Amino acid sequence: MANVAKLMAKQLPPTAKISREAKVLMQEMASEFICFIAAEASDLSLQANQHAITPDQLIESLDKLDFSIFVPCMEEATSLLPQKRSKQASKQASKQRVDM
């Protein structure tokens with residue numbers, strides 16, 4: 001719930017307060033949204049005879065479920081994934097060299 005509360009707080013003026021009930025409700029809504037999209041992506045994955053849900057299937061699910069407003073943001077985030085992975089791999093490799 002702390003992550004959701006932080007995200008909510010970022011969108012509000014510094015003096016705004018968020019009730020515990022509002023934080024819990026937002027957490028529940030976020031969880032339901034994730035489950036809704038994941039279930040649709042799982043169906044797409046099964047139809048494609050795949051064992052894992054792909055980012056493209058998540059994006060297709062958003063579009064199929066009329067959440068296409070999120071698609072450009074998710075496509076941008078997906079394009080950054082290889083960059084994040086290579087940075088993480090570099091950090092791990094550096095750490096392993098230091099530990100030796």
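1. Let's start with how two of the helices meet. In this predicted model, α2 and α3 pack at an angle of about 110 degrees, and their axes are 8 Å apart. That makes α2 roughly perpendicular to α3, since angles from 65 to 115 degrees count as roughly perpendicular. The crossing of α2 past α3 is right-handed. If this way of talking is new to you, two packed helices are described by the angle between their axes and the distance between the axes.

2. Now step back to the whole chain. How many helices and strands does the protein chain have? There are 4 helices and 0 strands, so reading along the sequence gives the pattern α-α-α-α. Of the 100 residues in the protein chain, buried ones make up 14%.

3. Have a look at the charged pair that links α2 and α3. Lysine 64 forms a salt bridge with glutamate 40, and the closest N and O atoms are 3.2 Å apart. Lysine 64 belongs to helix α3 (residues 55-64) and glutamate 40 to helix α2 (residues 20-47), so the pair ties together parts that are 24 residues apart in sequence. A search of the whole structure finds 1 salt bridge. As background, side chains of opposite charge can pair when their charged atoms come close.

4. Are the partners in this pair buried or exposed? Glutamate 40 is buried, because its relative accessible area is 14% and the cut-off for buried is under 20%. Lysine 64 counts as partly exposed, at 49% relative accessibility; to count as exposed, a residue needs over 50%.

5. Staying with α3, which of its residues are buried? They are Gln57, Ile59, Ser61 and Leu62. You could pick these out in the viewer and compare them with lysine 64, which is in α3 and is partly exposed.

6. On the surface there is a nonpolar patch formed by Phe33, Ile34, Ile69, Phe70 and Met74. Together these residues have about 480 Å² of accessible area. Isoleucine 34 is one of them, and you will find isoleucine 34 in helix α2. At 54% relative accessibility, isoleucine 34 counts as exposed.

7. Next, the backbone. Most residues other than glycine have a negative phi, which makes the next two residues worth a look. Asparagine 49 has a phi near 60 degrees, a positive value in a residue other than glycine. Where is asparagine 49? Its place is the loop between α2 and α3. Asparagine 49 counts as exposed, with 71% relative accessibility.

8. The second residue is aspartate 66, whose positive phi is near 65 degrees, again in a residue other than glycine. Aspartate 66 comes just after α3, in the loop between α3 and α4 (71-99). Aspartate 66 is exposed too, at 71% relative accessibility.

9. Finally, a pair of positions to find for yourself. Alanine 77 is in helix α4 and counts as partly exposed, at 37% relative accessibility. The C-alpha atoms of alanine 77 and proline 55 are separated by 9.7 Å, while the two residues are 22 residues apart along the chain.

Notes:
Residues are numbered from 1 along each chain as its sequence is written. This is a predicted model: local features need pLDDT of at least 70, side-chain atom pairs count only at pLDDT 80 or more; totals for chains, interfaces and linings use all residues. Side-chain values use heavy atoms; hydrogens and water are left out. A salt bridge is a side-chain nitrogen of Lys or Arg within 4 Å of a carboxyl oxygen of Asp or Glu. Buried means under 20% relative accessible area, exposed over 50%, partly exposed in between (1.4 Å probe, protein chains only). Patches are made of residues with over 30% relative accessible area and no salt bridge: like charges are joined within 9 Å, nonpolar side chains (Val, Leu, Ile, Met, Phe, Trp, Tyr) within 5 Å. Accessible areas come from the Shrake-Rupley method with a 1.4 Å probe; for residues, only the protein chains shown count as cover. Axes are lines fitted to C-alpha atoms, for helices over the stretch in contact, and angles run from 0 to 180 degrees between N-to-C directions. Angles under 35 degrees count as roughly parallel, over 145 as roughly antiparallel, 65 to 115 as roughly perpendicular and the rest as oblique. A crossing is left-handed if the near helix is turned anticlockwise from the far one by less than a right angle, and right-handed if clockwise.
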